[in-house]
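Please look over the sequence and the model below before reading on. The paragraphs that follow go from single residues to the whole chain.

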Amino acid sequence: MHLKKWIGKIHLWLGLSSGLVVFIVAVTGCIYAFQSEIQDLTQEYRFVEPQDKPVLYPTEIWEKADQALPGKHLHAVLYPTAERAAQAIYYSFEEHYYYFVYVNPYTGEVLKVKDEFADFFRIVLDGHFYLWLPPEIGQPVVAGFTLIFLVMCISGLILWWPKSKQKKSQKFSIRWGARWRRKNYDLHQVLGFYVLTFALVFALTGLVWGYTWFRDAVYFASTGGKDYQEYYTPVSDSTQVATDSLPALDRAWLKMRALYPNAEWIEVHPPEFEHASIATNANPDASTYWKMDYRYFDQYTMEELPVDHIWNRFPEASFGDKLARMNYDIHVGAIGGLAGKILAFCLSAIIASLPVTGCLIWWGRKNKKTKKAKPINKEDAVMA
């Protein structure tokens, strides 16, 4: 059999086996593209009236949030810009909870206790990552089908590639005046070609989360041979004793405010274990994540502690570190601002259509072959 026919069969059967998963992942990605903008429009508790007075310290925000959500583990306190509520973030992997407590940073009023696991966009994200299955099952399933989708992109390009100059022009346009079967074929082939590059980007950035070996390989290649270092929090010097009466979390926050007066958010994390350092970050652009500065302070001396992983100071990050940091922003289109998100939305919608048009092509050909194979008797001839 001719090579292209073999590739066509591979493309067909991989498409039929993965079509539903590709559709779900693409549609949920499409919905998730504008989650932050939609939440800002629909959730008024995210905003406060700026006041001409100091905001509360992190430990004060923590105290107010604890009263509204007692018995939970505080993960971080986040301060956005002046017109937004502070956020006390409570998270536990072991006990499986994830809450945001929105607090007016000027008055201490608790505006909202929000269960993130029950949020609409979190449910959408669970579908995108896990197909709404338990993570230990859904994550490898999605990763596996993402790998299949990558193969389909390559095989689709081979099938699209024109054989001659005469047919080349037909590969770039949809014949809207043709019969529906021809239009459907063009929608699959032409639109598939136009989104191919972006589909590859979506697949590759998705595989970075899907497989640690893929993530490590990309990092190794982009850093010139450096091994990927998992995240860790450096340890404070337990032989020291804090002499300042102000809590260490508040001191770290004040230090970050002085270092980053124009940041669009500053986040501080209480020590995660007895002698852990205080992890902090500052983001100059709240619409993306990759430019954030991550800094770690000894909880006793406030001395800054270095780290070897990618979540470090942005100016010190290598090209490979920055590429790894960009992965999320590239995947959702945020790297290109609002225009990038609009593009990601449109591309995800087109990708979601490909399994549908592909299935219709297969169904149409199957019915055509069945009709040809069916014997025609006299009664059929009369009816015809």
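Two residues are said to be in contact when heavy atoms of theirs lie within 4.5 Å. With that cut-off in hand, and leaving aside neighbours within four places in sequence, L204 is in contact with L150 and F214. The coordinates come from a predicted model, and every value below is computed from it. L204 itself is found in helix 8, which covers residues 196–210, and at 36% relative accessibility it counts as partly exposed, because that class lies between the 20% limit for buried and the 50% limit for exposed. A further relation in space links L204 with T146: the two are 58 residues apart in sequence, yet their C-alpha atoms are 8.4 Å apart.

Helix 7, at residues 180–194, can be described by its length and by its buried positions. Its 15 residues reach 20 Å from the first C-alpha to the last, which is close to the 21 Å expected at 1.5 Å a residue. The residues of helix 7 that are buried are N184, D186, Q189, V190 and G192.

What does H128, in helix 4, touch beyond its neighbours within four places in sequence? H128 belongs to the helix that runs over residues 120–130, and it counts as buried because its relative accessibility is 14%, under the 20% limit. Once those sequence neighbours are set aside, H128 is in contact with V25, T28, G29, V142 and H331. Two of these partners can be followed down to individual backbone atoms: a polar atom of the H128 side chain lies 2.8 Å from the backbone oxygen of V25, and the side chain of H128 also reaches the backbone nitrogen of G29, at 3.5 Å.

The aromatic residues deserve a separate look. A pair of aromatic rings is described by the distance of the centres and the angle of the planes. A search of the whole structure finds 28 such pairs. One of them is formed by Y97 and Y99, with 6.1 Å from centre to centre and 40° between the planes, an arrangement classed as tilted; both of these tyrosines are buried. In the pair of F120 and F121 the ring centres are 5.1 Å apart and the planes stand at 75°, so this pair is edge-to-face, the angle being over the 60 degrees that this class requires. F121 has 8% relative accessibility and therefore counts as buried. Y45, Y91, Y98, F100, Y102 and F117, in turn, form one aromatic cluster.

Lysines also meet aromatic rings in this model. K72 lies over the face of Y97, at 4.5 Å from the ring centre, so that Y97 has both a ring partner in Y99 and a lysine over its face. K322 is placed over the face of F314, at 4.7 Å from the ring centre.

Finally, the chain can be viewed as a whole. The protein chain holds 13 helices and 8 strands. Its radius of gyration is 27 Å, well over the 21 Å that the globule rule gives for 384 residues, and the chain is therefore more spread out than a compact globule. Along the principal axes, the C-alpha trace spans about 100 × 45 × 35 Å. Of the 384 residues, 42% count as buried. Among contacts with a separation of 6 or more, 59% are between residues 24 or more positions apart.

Conventions: Residues numbered from 1 in each chain as written. Predicted model: local features only at pLDDT ≥ 70, side-chain atom pairs only at ≥ 80, totals over all residues. Heavy atoms only, no water. Helix = DSSP H or I, 4+ residues; strand = E, 2+ residues; numbered from the N terminus. Expected span 1.5 Å × (residues − 1). Buried < 20%, exposed > 50% of the residue type's maximum accessible area, 1.4 Å probe, protein only. Polar contact = N/O pair within 3.5 Å; in protein donor to acceptor, adjacent residues only side chain to side chain. Phe/Tyr/Trp six-rings, centres within 6.5 Å; stacked < 30°, edge-to-face > 60°. Lys NZ or Arg CZ within 6 Å of the ring centre and 35° of its normal. Rg over C-alpha atoms; globule rule 2.2 N^0.38 Å.
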